[in-house]
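Thanks for coming. Please have the sequence and the model on your screens, and I will go through a few places in turn.

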Amino acid sequence: VGDLSPQVPSSVISNSWQERFRQNYSFYVGLGLAILSSFLIGGSVILKKKGLQRLVASGATRAVDGGYGYLKDAMWWAGFLTMAAGEVANFGAYAFAPATVVTPLGALSILISAILSSYFLGESLNLLGKLGCVICVAGSTVMVIHAPEEEKITTIVEMAAKMKDTGYIVFAVLLLVSCLILIFVIAPRYGQRNILIYIVICSVIGAFSVTAVKGLGITIKNFFQGLPVVRHPLPYILSLVLALSLSTQVNFLNKALDIFNTSLVFPIYYVFFTSMVVTSSIVLFKEWHSMSAVDIVGTLSGFVTIILGVFTLHAFKDLDISRTGLPHMHKNPTPPPAPEPSIVRLKDKNVLVDNLELSSAPSPEKKPEVFIIHS
């Protein structure tokens, strides 16, 4: 019977080998790419900050004042290319591992940037700042875990239909109007005093850039599949949106890094960026229909946790609080030993007599007391 069985084609063997590799090792490949992305993105912030510091030391116009001298600095470009490589690795990680694993691992870049900034930039967080970072990471992780899976879209026509929905159009218009108000009204007045202004602008614009990247990824996939995507106007619109959003993000992120502490900028930016991307994905793909009550409560709880973490990170950044300055936790601390009383022996008569004479003699500094009696 075995001799009569048909010969298995080599393509089937190849497909089974690829399938076995995908089942056994794709998770670890995605995990490695996600960790590599965290290291690259966390290190890129340090390189950008070093480039901006060199720009200030040279006496050129700072980024916060409208200067673009950092475009001539090799250190800044090294940071920019490192961040681009980190985003490419992150994009590849989503292709191998589930999003519920990849996205929380992006929080490692916060810890990496905080550690590297303390070594290379001389910046440090107090105890409450470190606690705020941990709270932000925990809140982002809870929010991502309870977020529903994205709807699978295979063609650019389906993507265009999703973006034409009334709910997403209203959401996009609200984001755009809010961003314009922040850029032209609030940022010139309060941007250099409040760290949240520039970061919120970058996060809101980031929601558009992520949507554009998803659409262009589908376009490239359809192009290699032989579908007529060149005639569709959506890829050109998404390319324009991506170019504008990336340039705006780079501009305002440089302004935030130029003024504020790197260990404060990057955690807050990660939290707001992740929140905006998850919210935009839920609105675009209408994922709330598939969310259970547990997921809704978990998403809201994660968002509230993020707000508390950002508040802790930002509100107490100027306080000098460390672990060594915490009060003792003992209920009954051991009292210090009492000093031994000096004992004068009776045989030391001369010392005893001298002490009695000194105690009875009036002090020269003490003025005589005068009593006046009125009859």
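Val-250 is buried, because its relative accessible area is 18% and the limit for buried is under 20%. Keep in mind that this is a predicted model. Val-250 sits in helix α9. Which residue 48 places away along the chain has its C-alpha atom 8.0 Å from that of Val-250? That residue is Cys-202.

A second buried residue is Gly-298, with a relative accessible area of 8%. Find Gly-298 in helix α11, which covers residues 293–315. From the C-alpha of Gly-298 to the C-alpha of Val-142 it is 6.6 Å, although 156 residues of sequence separate the two.

For the whole chain, the share of residues that count as buried is 37%, out of 375 residues. The chain has twelve helices and zero strands. Written out as a pattern, that is α-α-α-α-α-α-α-α-α-α-α-α.

Next, charges. In general, side chains of opposite charge can pair when their charged atoms come close. How many salt bridges does the structure hold? It holds one. The partners are Asp-73 and Arg-54, and their closest N and O atoms are 3.5 Å apart. Arg-54 is in helix α1, residues 10–57, while Asp-73 is in the loop between α1 and α2, residues 74–96, so the pair ties together parts that are 19 residues apart in sequence. Are these two residues buried or exposed, or something in between? Asp-73 counts as buried, at 11% relative accessibility. Arg-54, in contrast, is partly exposed, with a relative accessible area of 45%.

Now to the surface of helix α7. Val-173 lies in this helix, which runs over residues 166–190. Val-173 is partly exposed, since its relative accessible area is 45% and that value falls between the 20% and 50% limits. Val-173 belongs to a nonpolar surface patch of about 700 Å². The other members of the patch are Ile-169, Leu-176, Val-177, Leu-180, Ile-181, Phe-184 and Val-185.

One of those patch residues, Leu-176, brings us to a pocket. The second largest pocket has a volume of about 560 Å³. Of the 22 residues that line this pocket, the closest to its centre are Ala-172, Leu-176, Phe-208, Ile-237 and Val-241. Which helices each supply at least two residues of this lining? They are α6 (156–163), α7, α8 (195–224) and α9 (234–259). By type, the lining of the second largest pocket has 17 nonpolar residues, four polar ones and one charged one.

That leaves the closed spaces. In general, rolling a probe the size of a water molecule over the atoms shows where empty space is left. Here there are two cavities of 30 Å³ or more.

The largest cavity holds about 50 Å³ of space. Its lining consists of Ala-207, Val-210, Thr-211, Lys-214, Val-277, Ser-280, Ser-281, Leu-284 and Phe-285. Helices α8 and α10, the latter being residues 262–285, each supply at least two residues of the lining of the largest cavity. Which helix gives the most to it? That is α10, with five residues. The lining of the largest cavity divides into five nonpolar residues, three polar and one charged.

The second largest cavity holds about 30 Å³. Tyr-168, Phe-171, Ala-172, Leu-175, Ala-207, Phe-208, Thr-211 and Ser-280 line this cavity. Ala-207, Thr-211 and Ser-280 are also in the list for the largest cavity. Ala-172 and Phe-208 came up before, among the residues closest to the centre of the second largest pocket. In the second largest cavity, α7 and α8 each supply at least two lining residues. Helix α7 gives the most there, with four. This lining has six nonpolar residues, two polar and no charged.

To finish, look at helix α7 once more on your screens. Val-173 of that helix is in the nonpolar surface patch. Helix α7 also supplies at least two residues to the lining of the second largest pocket, and it gives the most to the lining of the second largest cavity.

Key: Residues are numbered from 1 along each chain as its sequence is written. This is a predicted model: local features need pLDDT of at least 70, side-chain atom pairs count only at pLDDT 80 or more; totals for chains, interfaces and linings use all residues. Side-chain values use heavy atoms; hydrogens and water are left out. Patches are made of residues with over 30% relative accessible area and no salt bridge: like charges are joined within 9 Å, nonpolar side chains (Val, Leu, Ile, Met, Phe, Trp, Tyr) within 5 Å. Accessible areas come from the Shrake-Rupley method with a 1.4 Å probe; for residues, only the protein chains shown count as cover. A salt bridge is a side-chain nitrogen of Lys or Arg within 4 Å of a carboxyl oxygen of Asp or Glu. Buried means under 20% relative accessible area, exposed over 50%, partly exposed in between (1.4 Å probe, protein chains only). On a 1 Å grid over the protein atoms alone, a cavity is a set of points where a 1.4 Å probe fits but cannot get out, and a pocket is an open set with protein on both sides within 12 Å along at least five of seven lines; lining residues have an atom within 4 Å of a point. Grid points are joined across faces, edges and corners, and a volume is the space filled by probe spheres set on the points. Ala, Val, Leu, Ile, Met, Phe, Trp, Tyr, Cys and Pro count as nonpolar, Asp, Glu, Lys and Arg as charged, and the others, Gly among them, as polar.
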